[in-house]
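Me: I've got a fold open on my screen and want to talk it through with you. Shall we go question by question?

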Amino acid sequence: MKRKMWGAHGPVPVKVKKNLKAPDGEKCHGIYLPDERVIYIDADSAKDPRLGEVTLEHEWLHSVICDAGGQDIIDSELHEWFCSVVSAALVARRHS
Ligand SMILES: [Zn+2]
C-alpha cells in the first residue's frame, strides 16, 4: 500500500487502519477526510491487492474532486458513482 498520493494541492498521506468506519459508524473499505487531508484504508481491505488498489484509487479521486472544489458542485451520490467508475477504470487499464 502506498503511503502517499498526490493531488493538485500536494501530498495526501495514506494510513491503514484496523476496523475502519465511516463517520456514520458503517464499516468501510476506505475514506478520504478532507479536513485532515488524509486517506484511510481499512487494514483487511488493504490485504487484498485488488480491493486495496481500487479503494486507494477511489479515495484518491475523492481528494482530487475536493482539491478542485467539486464537492460543493456535485451531489454525494454522483460523487460516489464517479469515484467508483473511474477507480475501476484506472485499475483495469493498469492491469490490461
Ligand atoms: Zn467514496
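Reply: Sure, with one definition up front: a residue is buried if 20 or more other C-beta atoms lie within 10 Å of its own, exposed if 12 or fewer, and partly exposed in between. Keep in mind that this is a predicted model.

Me: What share of the 96 residues of the protein chain counts as buried?
Reply: The cut-off to apply is 20 or more other C-beta atoms within 10 Å. Taken over the 96 residues of the protein chain, the buried share is 26%.

Me: In what order do the elements run from the N terminus on?
Reply: The secondary structure comes to three helices and four strands. Reading from the N terminus, the order is β-β-β-β-α-α-α.

Me: What is the radius of gyration of the protein chain, set against the globule rule?
Reply: The C-alpha atoms fill a box of roughly 35 × 35 × 25 Å along the principal axes. For 96 residues the globule rule gives 12 Å, and the chain comes close to that, so it is as compact as a globular protein of that length. The radius of gyration itself is 13 Å.

Me: Which strands stand at the edges of the sheet?
Reply: The sheet is open, has four strands with mixed pairing, and goes in the order β1-β2-β4-β3. An edge strand here has a single partner, so one side of it is left without a neighbour in the sheet. That describes β1 (4–7) and β3 (30–33).

Me: How do β2 and β4 run, parallel or antiparallel?
Reply: For contrast, take β1 and β2: they form a hairpin with two residues between them, they run antiparallel with four bridges, and Lys4 stands opposite Pro13 in β2. β2 and β4 are also joined by four bridges, and the bridge partner of Val16 in β4 is Ile41. The direction of β2 and β4 is parallel.

Me: Which elements each supply at least two residues of the largest nonpolar core?
Reply: That core has 12 residues, among them Val12, Val14, Ile39, Ile41, Leu56 and Trp60. Ile39 shows how they come together: leaving out residues up to four places away in sequence, its contacts include Val12, Val14, Tyr32, Leu56 and Trp60. The elements that each supply at least two core residues are β2 (10–17), β4 (38–42) and α2 (49–67).

Me: Is Tyr32 buried or exposed?
Reply: Tyr32 is found in strand β3, and beyond four places in sequence it touches Ile39, Glu59, His62 and Ser63. Its C-beta neighbours inside 10 Å number 23. Because of that count, Tyr32 is classed as buried.

Me: How far apart are the end C-alpha atoms of α2?
Reply: α2 has 19 residues, and at 1.5 Å a residue the span should be 27 Å. The model agrees with that expectation, since the end C-alpha atoms of α2 are separated by 27 Å.

Me: At about what angle does α2 run to β3?
Reply: Many residues of α2 face partners: Leu56, Trp60 and Leu61 are among its buried ones, and the buried residues of α2 pack against β1, β2, β3, β4, α1 (43–47) and α3 (76–94). The helix lies across β1, β2, β3 and β4. Its angle to β3 is about 20 degrees.

Me: Which residue just after α2 takes a positive phi?
Reply: Look right past the end of α2, where phi reaches about 80 degrees. The residue there is Gly69.

Me: Is Asn19 buried or exposed?
Reply: Most residues other than glycine have a negative phi. Asn19 has a positive one of about 50 degrees although it is not a glycine, and it lies in the loop between β2 and β3. With 8 C-beta neighbours inside 10 Å, Asn19 counts as exposed.

Me: How many C-beta neighbours does Arg37 have inside 10 Å?
Reply: Arg37 sits in the loop between β3 and β4, and its phi is positive too, near 55 degrees. Arg37 counts as partly exposed because its C-beta neighbours inside 10 Å number 16.

Me: What percentage of contacts with a separation of 6 or more comes from residues 24 or more positions apart?
Reply: Start from the contacts in the protein chain with a separation of 6 or more. Within that set, residues 24 or more positions apart account for 52%.

Methods: Residues numbered from 1 in each chain as written. Predicted model: local features only at pLDDT ≥ 70, side-chain atom pairs only at ≥ 80, totals over all residues. Core = buried A, V, L, I, M, F, W, Y, C linked by C-beta atoms within 7 Å. Contact = placed C-beta atoms within 7 Å. Pairing = 2+ DSSP bridges. Axes fitted to C-alpha atoms, helices over the stretch in contact; angles between N-to-C directions. Expected span 1.5 Å × (residues − 1). Rg over C-alpha atoms; globule rule 2.2 N^0.38 Å.
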